[in-house]
Amino acid sequence: MDGPALSSRDRLLQAAMTLVRTKGYGATTVDELCAVTGLTKGAFFYHFKTKEDIFVAAAQRFGEDADALFRRAGYMDKADPLQRLLGYVDFRIELLQGEIAEITCVLGTLVQEVHITHPAIREVCDRHIMANADLVTEMVTAAKRQHVPRARWSAEALGLYVQAVIQGSLLLVKARQSIEPAVDCLRVLRRHLELQFLPTPAKETVK
């Protein structure tokens, strides 16, 4: 059964998220956004003043949807925070299904292209990329407290590292035009995380 019809604004946002992943920000025009959605320029400018405005809103929408997805996913129900953390990586691997344009990150794609020229877009991307890093850091902090409380490494640095591996793996997907490099990277990341939480004296004294 079909869901409710999308509003004109939502159709434009969906088109912006699709086109930025297939063509990039610079190559996407207002005319194309209107053509893809079947809307007039009048409808576009009713909702957005400029092309930059729609991509600020698209980044915001993508980030909010991603935040909700990762905070409601099944791994969050696991009692052991380490299993939640590993479950997060497993879920990331599960999401690597489908066409390349469907699995790459709108935030990462946008910020790579416009971080100098469009600071308003960069700021939204940064906020939501960091929100995901903060979620990981929460799990790392709890897992560290439970499994390796004397470890001297930083939970915040490890949370950022996880985000860097994920975004870097998606760059490899684009460069290689294959999802396999990302799957391989995330499997290595998962093993690295397991090793970080082994309760051995050597691991607990790493600076």
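## Report on an all-helical chain

In this predicted model, residues 24 or more positions apart account for 70% of the contacts in the chain with a separation of 6 or more. The chain contains 11 helices and 0 strands, and its pattern along the sequence reads α-α-α-α-α-α-α-α-α-α-α.

### Overall dimensions and surface

Taken along the principal axes, the C-alpha atoms fill a box of roughly 65 × 40 × 30 Å. The chain has 207 residues, of which 45% count as buried. It exposes about 10,900 Å², and carbon and sulfur atoms supply 55% of this area. The chain carries 26 positive and 25 negative charges, and the mean positions of these two groups are 5 Å apart.

### The nonpolar core

In soluble globular proteins, nonpolar side chains tend to be buried together. In this model, the largest nonpolar core has 66 residues, and those with the most contacts inside it are Ile54, Tyr88, Leu110 and Phe197. Helix H8 contributes the largest share of this core, namely 9 residues.

The surroundings of Ile54 can be listed in detail. When neighbours within four places in sequence are left aside, Ile54 is in contact with Leu12, Leu13, Ala16, Leu33, Phe44 and Phe48.

Leu110 is also one of the buried residues of helix H7, which spans residues 106-114. The other buried residues of this helix are Val106, Leu107, Gly108, Thr109 and Val114. Together, the buried residues of H7 pack against helix H1 (8-22), helix H4 (51-72), H8 and helix H9 (155-176).

### Individual residues

The table gives the accessibility of five residues.

| Residue | Relative accessible area | Class |
|---|---|---|
| Cys34 | 6% | buried |
| Thr137 | 11% | buried |
| Gln167 | 16% | buried |
| Ser178 | 24% | partly exposed |
| Cys185 | 27% | partly exposed |

Thr137 lies in helix H8, which covers residues 119-147. Not counting residues up to four places away in sequence, Thr137 touches Ala155, Glu156 and Gly159. Thr137 counts as buried because its relative accessible area is 11%, and the cut-off for buried is under 20%.

Gln167 is placed in helix H9. With residues up to four places away in sequence not counted, Gln167 touches Cys105, Gly108 and Ile129. Among these partners, Gly108 is one of the buried residues of H7. Gln167 is itself buried, with a relative accessible area of 16%.

Ser178 is found in the loop between H9 and helix H10 (180-196). Which residues does Ser178 contact when its neighbours within four places in sequence are left aside? They are Ile100 and Val173. Ser178 and Ile100 are 78 residues apart along the chain, and their C-alpha atoms are separated by 7.5 Å. Ser178 is partly exposed, with a relative accessible area of 24%.

### Cysteines

How many disulfides does the structure hold? The number is 0. Why is Cys185 not bonded to Cys105? The cysteine sulfur closest to that of Cys185 belongs to Cys105, and the distance of 16 Å is too far for a bond. A disulfide requires a pair of cysteine sulfur atoms within 2.5 Å. Cys185 is partly exposed at 27% relative accessible area, whereas Cys34 is buried at 6%.

How values were computed. Residues numbered from 1 in each chain as written. Predicted model: local features only at pLDDT ≥ 70, side-chain atom pairs only at ≥ 80, totals over all residues. Heavy atoms only, no water. Buried < 20%, exposed > 50% of the residue type's maximum accessible area, 1.4 Å probe, protein only. Helix = DSSP H or I, 4+ residues; strand = E, 2+ residues; numbered from the N terminus. Contact = heavy atoms within 4.5 Å. Areas by Shrake-Rupley, 256 points an atom, 1.4 Å probe, with all protein chains shown as cover. Lys, Arg positive; Asp, Glu negative; His and termini not counted. Charge placed at Lys NZ, Arg CZ, Asp CG, Glu CD. Core = buried A, V, L, I, M, F, W, Y, C linked by side-chain atoms within 4.5 Å.
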